Amino acid sequence: GFSEYVNFVKRVWQSTRATLYVVAPDVFSNWRKTRENYLKYARDLRRFGHLIYVAQEFVLPRDVDADVIALPAHRQGPYECSRHPLFCAFNVKWFLEERYNGEAPVHLLGPAKLELLHLKMWGTLSKIRSIDTATYRRAPTRRAKEMLGGKWQVVKGLECAWFQEWTRGLI
């Protein structure tokens with residue numbers, strides 16, 4: 001629930017005294033409910049730091065004044081972005097070039113590498129300020145997976161090498 005979330009954010013804030021980036025509660029693939037949550041909870045969350053709004057369905061209502069705009073890049077509606085990277089990358093590109101003219105930085109939530117490569121090729125990746133993903137923890141190539149006897153999950157000591165492989169071609 002929301003009160004548990006606020007208590008968690010408050011504990012983190014009290015223990016670090018750092019300015020936090022706090023996500024306003026969103027509802028997957030429902031921009032109307034996400035907007036309602038934002039309007040309902042933004043004031044309570046903003047006291048801990050910068051407020052992040054997840055633009056579900058790539059809709060950014062005019063009455064949302066978030067510090068960071070986050071875009072779904074792991075799953076969009078019924079589409080898993082790792083399986084449909086072109087579809088997902090195109091939606092991000094369309095939003096950034098056709099719909100968004102704000103100044104708040106844009107963050108991608110869980111993008112797939114192929115999706116990022118499309119954005120880079122189109123020149124849109126430069127409009128993205130940050131990303132988060134756990135993909136780098138998975139084997140970056142089939143060869144890497146075979147080296148681990150078929151395992152996909154990273155093992156101790158390979159984290160940096162796999163991350164470097166995951167970001168190859170992006171930076």
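# Notebook: helices, a disulfide and two glutamines

**Entry 1: helix 1 and helix 2.** I looked first at how these two helices meet, and found that helix 1 passes helix 2 in a right-handed crossing. On the helix 1 side, the contact is made by F2, Y5 and V6. Helix 2 supplies Y41, D44 and L45 to the contact. I then looked up the geometry: helix 1 covers residues 2–16, helix 2 covers residues 31–46, and the two pack at an angle of about 20°. Their axes are 11 Å apart. Angles under 35 degrees count as roughly parallel, so helix 1 is roughly parallel to helix 2. I note here that the model is a predicted one.

**Entry 2: the whole protein.** I stepped back to see what these helices belong to. The protein has six helices and seven strands. I read their order along the sequence as α-β-α-β-β-β-β-α-β-α-β-α-α. The C-alpha trace spans about 50 × 40 × 30 Å along its principal axes. Of the 171 residues in the protein, 40% are buried. I also looked up how far apart in sequence the contacting residues lie. Taking contacts between residues at least 6 apart in sequence, I found that 55% join residues at least 24 apart.

**Entry 3: cysteines.** How many disulfides does the count come to? I found one disulfide. The disulfide joins C81 to C88, with the sulfur atoms 2.1 Å from each other. The angle about the S-S bond is -85°, and the link of C81 and C88 is left-handed. Both C81 and C88 are buried. I then turned to C160: is this residue buried or exposed? Exposed means over 50% relative accessible area, and C160 has 58%, so C160 is exposed.

**Entry 4: Q76.** I chose Q76 next, a residue of strand 4, which covers residues 75–76. The relative accessible area of Q76 is 7%. Buried means under 20%, so Q76 counts as buried. I followed the side chain of Q76 and found that it reaches the backbone oxygen of P72 at 2.8 Å. I left aside the neighbours of Q76 within four places in sequence and listed the residues in contact with it: F58, C81, F87, C88, N91, V92 and E115. The cysteines in that list, C81 and C88, are the pair joined by the disulfide.

**Entry 5: helix 4.** E115 sent me to helix 4, residues 113–122, where E115 is buried. K113, L116, H118 and L119 of helix 4 are buried too. What covers the buried residues of helix 4? I noted that the cover includes strand 4, helix 3 (85–99), strand 6 (106–109), strand 7 (130–132) and helix 6 (159–167). After helix 4 comes G123, and I read its phi as positive, near 80°.

**Entry 6: Q56.** Last, I looked up a second glutamine. Q56 sits in the loop between strand 2 (49–54) and strand 3 (68–72). Why is Q56 called buried? The cut-off is under 20% relative accessible area, and Q56 has 4%, so Q56 is buried. The side chain of Q56 makes a polar contact with the side chain of D26, at 2.6 Å. Not counting residues up to four places away in sequence, I found Q56 touching D26, V27, F28, S29, N30, W31, T34 and P72. P72 had already come up in Entry 4, where its backbone oxygen is reached by the side chain of Q76.

Conventions
Residues are numbered from 1 along each chain as its sequence is written. This is a predicted model: local features need pLDDT of at least 70, side-chain atom pairs count only at pLDDT 80 or more; totals for chains, interfaces and linings use all residues. Side-chain values use heavy atoms; hydrogens and water are left out. Helices (H or I, at least four residues) and strands (E, at least two) are DSSP runs, numbered from the N terminus. Buried means under 20% relative accessible area, exposed over 50%, partly exposed in between (1.4 Å probe, protein chains only). A polar contact is a pair of N or O atoms within 3.5 Å; within protein, one must be able to donate a hydrogen and the other to accept it, and residues adjacent in sequence count only if both atoms are side-chain atoms. Contact means heavy atoms within 4.5 Å. A disulfide is a pair of cysteine sulfur atoms within 2.5 Å. Axes are lines fitted to C-alpha atoms, for helices over the stretch in contact, and angles run from 0 to 180 degrees between N-to-C directions. Angles under 35 degrees count as roughly parallel, over 145 as roughly antiparallel, 65 to 115 as roughly perpendicular and the rest as oblique. A crossing is left-handed if the near helix is turned anticlockwise from the far one by less than a right angle, and right-handed if clockwise.
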